[in-house]
Amino acid sequence: MKATTAARPSTSVAMVRSIFTIALLTLHEATRKRVIWALLVLSVLMLTLSAWGFSQLPGMDTSMGHLTSGQSRLLASELLNLVMFGMSMIVALGTAFLAGPTLGGELESGVSLAMVARPVHRSSVLVGKWLGLVIFGSVYICLAGLAQMVVVRVTVSYWPPSPMLALGLLALETIVLLTLALLLSSLISPLASGITTVGLFGATWVAGVVGGIGAALNNDGVARVGTVSAMLLPTDGLWRGAMHAIQDPNALIQLGGASEGFPFVSTSSLSAAYFTWVVLWIVIALTLCLVSFRRRAI
Amino acid sequence: MVSHNTADEVAAAPAPAQSQVVDSRESLAVWCSGLTKRFGRRDAVRSVSMEVRRGEVVGLLGANGAGKTTLIKMMLGLVRPDAGEVMLLGQPGTDPMSRLRVGYLPELFRYQPWLSAKEVLKLHGQLAYTQQSADDRLELLRMVGLQDRAADRVGGFSKGMQQRLGLAVALVGDPDLIVLDEPTSALDPLGRVEVRDLVLSLRERGVAVLLNSHLIGEVERVCDRVVILDHGRVVASGTLAELLGQRKVTLRLNNVTERAHERLRASGHVEHEQDGYTVTLPDGSSDGEVGTDTFDSADAEVSRLVADLVGLGVHVYGVERSRISLEDRLLGILRAGADSHAARDEAS
C-alpha cells in the first residue's frame with residue numbers, strides 16, 4: 001500500500017474530476033453490459049433491410065405505373081422518416097433500460113454505498129452518470145442516423161435538407177428520454193423506470209399523431225392533445241422537428257392538407273421557443289433528480 | 001471506573017470534560033454529537049455522541065436494529081441526520097472532502113459486477129484522488145488474498161471474495177480512518193483471523209478503525225474501546241478494562257452454613273448450582289488493566305473470602321477466578337435494556 005494521496009483538490013476541480021470519472025465509468029458499463037453490441041446488431045439489421053428496400057424503389061412497378069426518380073425520392077424521404085423513427089425507438093429503449101439500472105440499480109444493490117462514501121458530491125455522481133449516458137446515446141444516434149442517410153443517398157440519391165439539424169434533434173430526444181429515465185429511477189425501481197419511460201415515449205408519440213389528426217380535421221380540442229403532450233414530454237415535439245429536417249420539402253406540397261394527419265410527415269420546423277423549453281425541461285428534470293438523489297438515504 | 005451510562009446519558013465520549021472534547025474535536029478521527037435519525041415512526045438513532053481518536057480501534061456493539069449501521073451511514077454522509085453534527089478527521093462531515101482519507105467497507109458489500117477486481121480498485125483510487133500504480137493495486141489485492149483474481153470480473157466472485165475485495169477497497173488511498181461494518185460476515189475462520197491481523201496492523205500504523213461486528217470475541221481482541229448501542233442510544237462505552245472491570249470467582253464448596261452464605265453475599269452477587277458458588281465481585285474491586293496479573297483489590301477480596309469461609313468451617317476445594325466476558329457484559333446490558341423497554345411499554 002504505497003499509493004500516495006494527492007493533495008486535496010479544490011471543490012470545483014474535485015467535482016469536475018469525479019464527474020468525468022463517473023461519466024467514463026458509465027460508458028464503460030454500456031460496453032461491458034453489451035448494450036452497445038445489442039444496439040449495433042439491431043442497427044446493422046435495420047440498415048441492411050432498409051438498404052435492400054430503398055434499392056427496390058427506383059423503377060418500382062406500381063398500379064400507377066413505374067415510379068419516376070422524383071417520386072422515388074419523395075417516397076424515400078417519407079420512408080426515411082419511418083426508418084429513423086425505428087432507429088430513435090431502438091436508442092430510446094437502449095438508453096431507458098441503461099439509465100434505470102445505472103442509478104436506481106446501484107442504489108438498490110448497494111454498489112452506491114462504497115462510491116458515495118468517497119469524497120464525491122452526490123451531484124457529481126448524478127451529473128457524471130447523466131453525461132456518460134448523454135455521450136453514449138448522442139454518439140450512437142448520430143452515427144446510426146448518418147449511416148441511414150448515407151444508405152438512402154446511395155440507393156435513391158436522396159439527401160435530407162438539414163441532416164445535421166435532424167441528427168441534433170434526435171440526439172436531444174435521446175437526452176430527454178434518458179433524463180426522464182434517470183429521474184424515474186431515483187424515485188421508483190429500475191425496471192419500473194425503464195418500462196414507464198418507454199411507455200411515456202410511446203404515449204407521447206400517439207398523442208402527437210392524435211393531435212395531428214385533430215389539426216387536419218380542424219378540431220381544436222383534439223389538436224390540443226398533441227400540443228399538451230409535446231410540452232409535458234418533448235420527445236414527440238423533437239421528433240417532429242427532426243422529421244421536418246429529414247423530409248423532402250415537396251412532400252408537404254404533394255400531400256396538401258392531409259399532411260397534418262399523416263404520422264410520418266411534419267408540417268413545421270421546430271421553433272426557437274420550443275427549443276428553449278426543451279433545454280429548460282432537461283434542466284428542470286435533472287434538478288428534480290438531483291434533489292431526490294441528494295435527499296435519499298443510501 | 002466503568003462508564004456505563006444510563007439511557008438518558010448518551011455521551012459515548014470517554015471521561016474527559018466536555019470542554020476538552022470540544023477543543024480537541026479537530027484532532028479526532030471521528031467526532032459526532034447528538035446524531036439523531038428517524039425512519040417514519042421509528043427512532044433509528046437517538047442523540048448519539050461519540051468519538052474515535054486517531055490510531056484507536058473502537059468497536060460498535062449492539063443487537064440487530066440497534067442503529068449501528070445507520071449511525072455509521074450518518075457519519076459517512078450516506079444518510080442525512082435529522083439532528084446532530086459529524087466531524088471526520090477534523091473536517092465537517094457535510095463536506096465530502098472530509099472523507100478524502102476515509103475507507104469504508106459497507107455491511108452490504110457490492111461492487112460493479114462488470115468490472116474486474118483491479119478495475120474496482122482503480123475506480124476507487126480515482127474517486128479518492130489517489131496516485132495509484134498497477135503494483136499498488138496488486139499489493140492491495142495481495143493483502144486480502146485476491147492477487148490471483150486481479151483480472152477476474154467481480155460478478156464471478158463468491159460472497160467471501162467480494163468481502164475481501166471490499167476490504168481492499170477500504171484500504172485504497174492510504175486512509176487515516178477505516179470504517180468496517182461487519183467485515184467478516186462472509187469470511188471463513190481463516191479469513192476472520194486475517195481481518196483481525198489486518199486491523200491490528202492498521203492500529204500499529206496509527207490508522208483509526210471503527211469496527212461494527214457481531215463477533216464479540218473479534219471486538220474483544222482488537223478494540224481499544226467499545227461503544228454499545230441499544231434502541232438507537234449509547235447505553236455503555238469505555239475501554240475494555242472499564243467495561244470488563246467486574247470479576248468473578250467460582251468456588252467449589254461443601255458444608256456451606258447460613259453464616260457462610262451471608263459471608264459469600266457480603267462479597268457480591270452469588271449464583272449457586274450444586275457445589276459451585278459464583279460470586280460477582282463489585283466494580284470497585286478491580287483496578288488493573290485487562291490482561292495484567294497484578295495483585296489488585298479483587299485478588300485481596302478473594303483471599304479474604306476464602307480465609308473467612310475456611311474459618312466458618314466450609315470445605316473449600318476449588319477456587320477459580322475469571323473476568324466477566326464482553327459477551328456477558330453485552331448480554332447483561334441488552335437484557336436490562338429490553339426489560340426496561342418492556343416495563344415502559346407495559347406502563348404506557
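In helix α9 of chain A, A:R240 and A:D236 lie 4 residues apart, which means that about one helical turn separates them. The side chains of these two residues meet in a salt bridge, with 3.0 Å from N to O. The model is a predicted one, and this pair is part of a total of 18 salt bridges counted over all chains.

A:D236 also leads to the next feature, since A:D236 is one of the residues lining the largest cavity. The structure holds 1 cavity of 30 Å³ or more, and the volume of the largest cavity is about 30 Å³. Rolling a probe the size of a water molecule over the atoms shows where empty space is left. Around the cavity stand A:F85, A:E173, A:F201, A:W205, A:T235, A:D236 and A:W239. Two elements of chain A, α7 (190–216) and α9 (235–246), each give two or more residues to this lining. The largest share, 3 residues, belongs to α9(A), the helix that also holds the pair A:R240 and A:D236. By residue type, the lining consists of 4 nonpolar, 1 polar and 2 charged residues.

From the cavity the description moves to the place where the two chains meet. Here 37 residues of chain A are in contact with 45 residues of chain B. Between them the chains bury about 3900 Å², and 60% of this area is on carbon and sulfur atoms. Of the area that chain B buries against chain A, 22% is supplied by B:W114, B:L127 and B:Y129, more than by any other three residues.

How many salt bridges does the rule find across the interface of chain B and chain A? The count there is 1 salt bridge. It joins B:E119 to A:R32, and the closest N and O atoms of this pair are 2.9 Å apart. Polar contacts across the interface come to 15 residue pairs, counting residues at pLDDT 80 or more.

Which elements of chain B give two or more residues to the side that touches chain A? They are the strands β6 (102–105) and β7 (130–131), together with the helices α3 (117–127), α4 (134–143) and α5 (159–171). Among these elements, α3(B) provides the largest share of that side, 5 residues. The side of chain B that touches chain A is made up of 23 nonpolar, 10 polar and 12 charged residues.

Conventions. Residues are numbered from 1 along each chain as its sequence is written. Chains are lettered from A and ligands numbered from 1 in the order in which they are written. This is a predicted model: local features need pLDDT of at least 70, side-chain atom pairs count only at pLDDT 80 or more; totals for chains, interfaces and linings use all residues. Side-chain values use heavy atoms; hydrogens and water are left out. On a 1 Å grid over the protein atoms alone, a cavity is a set of points where a 1.4 Å probe fits but cannot get out, and a pocket is an open set with protein on both sides within 12 Å along at least five of seven lines; lining residues have an atom within 4 Å of a point. Grid points are joined across faces, edges and corners, and a volume is the space filled by probe spheres set on the points. Ala, Val, Leu, Ile, Met, Phe, Trp, Tyr, Cys and Pro count as nonpolar, Asp, Glu, Lys and Arg as charged, and the others, Gly among them, as polar. Contact means heavy atoms within 4.5 Å. Buried area is the accessible area (1.4 Å probe) that two parts lose on being put together, summed over both. A salt bridge is a side-chain nitrogen of Lys or Arg within 4 Å of a carboxyl oxygen of Asp or Glu. A polar contact is a pair of N or O atoms within 3.5 Å; within protein, one must be able to donate a hydrogen and the other to accept it, and residues adjacent in sequence count only if both atoms are side-chain atoms.
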